[in-house]
Amino acid sequence: MDGGSILETIGVEIIGVMSPVSICMFLVVLIVYTLSSPSNSDNQQVIRTAANLIYLESSSDTTTQKLEGALLNAVVFVVLITLVTFLLVILYYYRFTNFLKYYIRFSAFFVLGSMGGSIFLTLIQHFNIPIDSFTFCLLLFNFTILGVISVFSQGVPILLNQMYMVALGIIVAAWFTKLPEWTTWVVLVALALYDLVAVLAPGGPLKMLVELASSRDEELPALVYEARPNVGSRSGNRGPNLGLMLAGFSDGDPIELRVMSSSENVVQNGRGVNEMRSESEDIDGVREVEIEGEMLPLMGSSSNERERPVVNEEIRESNENDRGRVLEREIEEEEERGRGIKLGLGDFVFYSVLVGRAAMYDLMTVYACYLAIISGLGCTLILLAVCRHALPALPISIALGVIFYFLTRLLMEPFVVGTSTNLLMF
């Protein structure tokens with residue numbers, strides 16, 4: 001597939017993925033920029049989570065202590081995520097699917113109700129919004145229940161489902177921005193490396209989950225944003241969904257091969273077999289010659305006649321197997337194209353954490369990090385179109401975002417501020 005056809009194929013899906021990612025990052029930056037104002041900076045406390053279990057950063061610590069503590073926190077956090085992911089693999093392998101579904105639903109309920117309620121309460125206090133406790137609890141309860149139903153139930157408008165998926169990413173990312181600065185950057189880099197290994201390595205837990213779900217032709221219970229879901233995407237009979245990129249593209253050209261049903265597949269295979277049999281009969285049949293208007297068989301040597309049916313049977317079986325493999329491969333590729341591009345909720349979260357941390361320093365770093373993340377996501381989508389299998393969405397975007405952040409903060413921001421204050425640039 002050449003570059004032009006790749007861009008035409010995934011152009012709509014790229015916009016469909018980048019738009020919610022941009023909205024999520026924008027709202028996280030808005031929340032962080034609002035709540036981290038100078039009036040609230042002194043009252044902000046560092047929370048202890050799974051990402052900083054070992055070391056709690058303090059402003060009085062030296063640079064060496066901060067770096068060592070951040071590395072320890074990142075190692076422990078990645079180890080915990082790895083253990084939990086392997087536990088999910090074991091549960092899914094032994095078909096504890098219902099347990100996993102209820103666990104994901106409870107997690108969404110907790111995020112929307114507890115973590116989201118805390119953020120809403122902080123915004124209400126910051127803007128002095130007049131509301132009583134009963135009304136707030138009632139609205140929060142309805143918001144949470146509607147969110148769980150929208151994310152996991154069938155028959156819900158897809159726009160509402162996508163809105164709540166973005167809301168989940170915003171809430172989790174806003175909480176992660178409360179981590180200390182050094183721990184945040186080291187954890188982001190460590191998660192990008194973990195995502196690379198977990199998805200692409202032969203024994204990676206995410207790779208194992210994807211392959212296991214694909215072999216069962218089931219949907220893995222997970223929080224995944226689908227850029228362009230089709231009609232059957234909510235029915236539970238599609239490919240696996242994880243917190244990562246899945247190779248799938250929507251088919252917009254009616255001339256392309258379509259996905260056939262099982263009955264149509266049987267008919268097509270039957271036609272192919274009949275055609276091959278008719279061809280082989282010409283090969284297997286005894287050749288005849290016409291002598292004085294009468295057809296007489298032309299017999300060959302007895303050894304050749306005994307060997308020819310065996311050879312022809314082998315040719316027939318080989319042709320049937322080859323055609324069957326080609327047809328199955330074409331159907332699999334068509335099904336992948338019809339699924340649409342999917343992006344895991346974790347990618348939304350950590351993209352937004354990066355720009356949220358950048359918003360605590362300066363808006364110039366926010367612009368640079370946003371462009372870097374979007375560029376990395378675009379590169380990942382292009383690679384997805386070429387490779388056509390699950391790819392990690394974090395490594396390229398996180399690497400570019402971290403590099404652009406420090407280049408902007410250490411080089412570009414002092415240069416721009418210096419030239420502006422000296423009236424060299426307006």
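This report describes the fold of one protein chain, moving from the whole chain to single helices and residues.

**The chain as a whole**

The structure is a predicted model, and its protein chain contains 13 helices and 4 strands. Of the 426 residues in the protein chain, 40% are buried. Among the contacts with a separation of 6 or more, 75% join residues that are 24 or more positions apart.

**Confidence**

The average pLDDT of the protein chain is 77, and 69% of the residues score at least 70. Among the elements of the chain, helix α5 (residues 133-152) has the highest mean pLDDT, 94, whereas helix α9 (residues 262-284) has the lowest, 45. The pLDDT is below 50 over residues 229-292, although this stretch has 144 contacts in the model beyond near neighbours in sequence. Residues 296-303 also have a pLDDT below 50, and that stretch has 13 contacts beyond near neighbours in sequence. Where pLDDT is low, the predicted coordinates should not be read in detail.

**Regions listed in the record**

An unreviewed UniProt entry lists residues 12-35, 70-94, 106-127, 133-152, 159-176, 182-201, 365-386 and 393-412 under "transmembrane region". Two of these stretches can be set beside the model, as the table shows.

| Residues | Helix | Strand | Distance between end C-alpha atoms |
|---|---|---|---|
| 12-35 | 100% | 0% | 35 Å |
| 159-176 | 100% | 0% | 26 Å |

**Helix α3 and the residue after it**

Helix α3 (residues 63-93) has 31 residues, and the distance from its first C-alpha to its last is 45 Å, close to the 45 Å expected at 1.5 Å a residue. Several of its residues are buried, including K66, G69, N73, F77, T85 and Y92, and what covers the buried residues of α3 includes α4 (97-127), α6 (158-176), α7 (181-200) and α8 (205-216).

V89, which is placed in helix α3, counts as buried because its relative accessibility is 8%, and buried means under 20%. Leaving out residues up to four places away in sequence, V89 touches P205, M208, L209 and L212. V89 and P205 are 116 residues apart along the chain, yet their C-alpha atoms are separated by 6.9 Å.

R95 follows α3 and sits in the loop between α3 and α4. The phi of R95 is near 65°, a positive value in a residue other than glycine, and R95 is exposed, with a relative accessible area of 53%. A positive phi, near 55°, is also found in D217, which lies in the loop between α8 and β1 (224-226) and counts as partly exposed at 47% relative accessibility.

**Helix α12**

Helix α12 (residues 363-387) has 25 residues, which at 1.5 Å a residue should span 36 Å, and its end C-alpha atoms are 36 Å apart, so the expected and modelled values agree. At the start of α12, a side-chain oxygen of D362 comes to within 2.9 Å of the backbone nitrogen of M364. The helix is followed by R388, whose phi is positive, near 60°.

**The nonpolar core**

Which residues have the most contacts inside the largest nonpolar core? They are V21, F176, Y351, L354 and I398, in a core of 80 residues. Leaving aside neighbours within four places in sequence, L354 is in contact with W185, L188, C369, I373, I398, G401 and V402. I398 is thus named both among the core residues with the most contacts and among the contacts of L354.

Terms used:
Residues numbered from 1 in each chain as written. Heavy atoms only, no water. Helix = DSSP H or I, 4+ residues; strand = E, 2+ residues; numbered from the N terminus. Expected span 1.5 Å × (residues − 1). Polar contact = N/O pair within 3.5 Å; in protein donor to acceptor, adjacent residues only side chain to side chain. UniProt positions renumbered as here; feature names shortened; annotations may be inferred. Core = buried A, V, L, I, M, F, W, Y, C linked by side-chain atoms within 4.5 Å. Buried < 20%, exposed > 50% of the residue type's maximum accessible area, 1.4 Å probe, protein only. Contact = heavy atoms within 4.5 Å. pLDDT = per-residue confidence, 0-100.
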